[in-house]
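Here's a quick briefing to read alongside the model. Have the viewer open and follow along topic by topic.

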Amino acid sequence: MAVWSKTLFTLCLLFGGFAALVYFQPLKALDLLTPPIGYNKVADLSYGPNPRNQLDVYTPTNMQTPAPVVVFFYGGSWNDGARQDYRFVGQALASRGLVAVVADYRLYPEVRYPDFLLDAAQAVAWTQQHIARYGGDPQQLFLMGHSAGAYNAAMLALDARQLAHVQLTPNSIRGWIGLAGPYDFIPLTNPRSRPVFFYPNTPLDSQPINHVSAEAPPALLLASLNDVTVNPQRNTGGLAKRLRDLGVHVEETYYPRTDHGTLVAALALPLRGLEPVLDSIEQFVKTDAGRSKSDLALRQ
């Protein structure tokens, strides 16, 4: 009896500890729940001179080369974040036959707008120059981000000045994917983000929606109806309308069963039943941002 009591006590401690981890460090919990299968990972590759100018490359174990490439930028209000916490994103994309690049970038207070965008642009330039040696196709290059990372992807796709720093243009990418992105956020209300954008003097040119043009690459914009962090109607809906009005191909989806954080968490294997976020991303990439049809699209 004492042995069973001790075992039960140990299990309760383990369960309680894991529950606390899920609550306080959900990304760590997702990492623990993500199996190390379906991908090969090359870590700690430098794309620039700064210690945070590093990225990891995830390739499918049964890759058909050359494979489409997705460069992913994480969120965190431009204040925090680490690529090591997003193994679940790399695993998810690799499981669908895509090469994933998960990149760090400098954060506040080390930098403010627009310097972190230069890091993002350098990560894209590195990917275009080097991804072929990992089986990726530099001609099938997509950008993707969640929250602040979706902002980064949007600015590279829409504001030609950003990629010009690395001798590229928005035409260098086939499309971009935004998950719960802030694209039109003046006046800025998030206290953590205010100093990043010089509040109350936030520059108008910091807003992705102000850089929309008919030459913008196609976009897949995903958001949650229950998002109370980034207003989905104003940001996702407003940007989608602006792009669509100029004839840019836009695919726009709002999910009822996710919120701001669980939208990206739905990419993790244990949570993919929440919403078909990964399916939408796969279809967008494998149809070349809607330019072509694939067996995947025909099955849906």
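**Strand pairing around S2**

Leu-55 sits across from Ala-103 of strand S4. That's a handy place to start on this predicted model, and from there we'll go through the strands, a helix, one asparagine and a pocket.

- S2 and S4 (residues 99-103) run antiparallel to each other, with four bridges between them.
- S2 also pairs with strand S1 (residues 39-46), again in the antiparallel sense, and here there are six bridges.
- If you want a spot to look at in that second pairing, take Lys-41, whose bridge partner in S2 is Tyr-58.
- How much of S2 is buried? Six of the seven residues in S2 (residues 54-60) are, so the rest of the structure largely encloses this strand.
- As background, side chains in a regular strand take turns between the two faces of the sheet.

**Helix H3**

- H3 covers residues 87-95, and because eight of its nine residues are buried, the helix is largely enclosed by the rest of the structure.
- The buried set is Arg-87, Phe-88, Val-89, Gly-90, Gln-91, Ala-92, Leu-93 and Ala-94.
- Just past the end of H3, Gly-97 has a positive phi, about 85°.

**Asn-235 and its surroundings**

- Asn-235 belongs to helix H7, which spans residues 232-245.
- Is Asn-235 buried or exposed? Its relative accessibility is 5%, and because buried means under 20%, Asn-235 counts as buried.
- Its side chain makes a polar contact with the backbone nitrogen of Asp-184 at 3.0 Å.
- The Asn-235 side chain also reaches a backbone oxygen, that of Asn-231, at 2.9 Å.
- Leaving out residues up to four places away in sequence, Asn-235 touches Gly-181, Pro-182, Tyr-183, Asp-184, Phe-185 and Val-230.

**The second largest pocket**

- The second largest pocket holds about 360 Å³ of space.
- Its lining has 20 residues, and those closest to the pocket centre are Pro-182, Phe-185, Asn-190, Thr-229 and Val-230.
- Pro-182, Phe-185 and Val-230 may ring a bell: they're among the residues that Asn-235 touches, and they're also among those closest to the centre of this pocket.
- What is the lining made of? It splits into eight nonpolar, ten polar and two charged residues.
- On the general idea, empty space shows up when a probe the size of a water molecule is rolled over the atoms.

Conventions. Residues numbered from 1 in each chain as written. Predicted model: local features only at pLDDT ≥ 70, side-chain atom pairs only at ≥ 80, totals over all residues. Heavy atoms only, no water. Helix = DSSP H or I, 4+ residues; strand = E, 2+ residues; numbered from the N terminus. Buried < 20%, exposed > 50% of the residue type's maximum accessible area, 1.4 Å probe, protein only. Polar contact = N/O pair within 3.5 Å; in protein donor to acceptor, adjacent residues only side chain to side chain. Contact = heavy atoms within 4.5 Å. 1 Å grid on protein atoms, 1.4 Å probe; cavity = no way out; pocket = protein on both sides within 12 Å on 5 of 7 lines; lining within 4 Å. Points joined across faces, edges and corners; volume = space filled by probe spheres on them. Nonpolar A, V, L, I, M, F, W, Y, C, P; charged D, E, K, R; others polar. Pairing = 2+ DSSP bridges.
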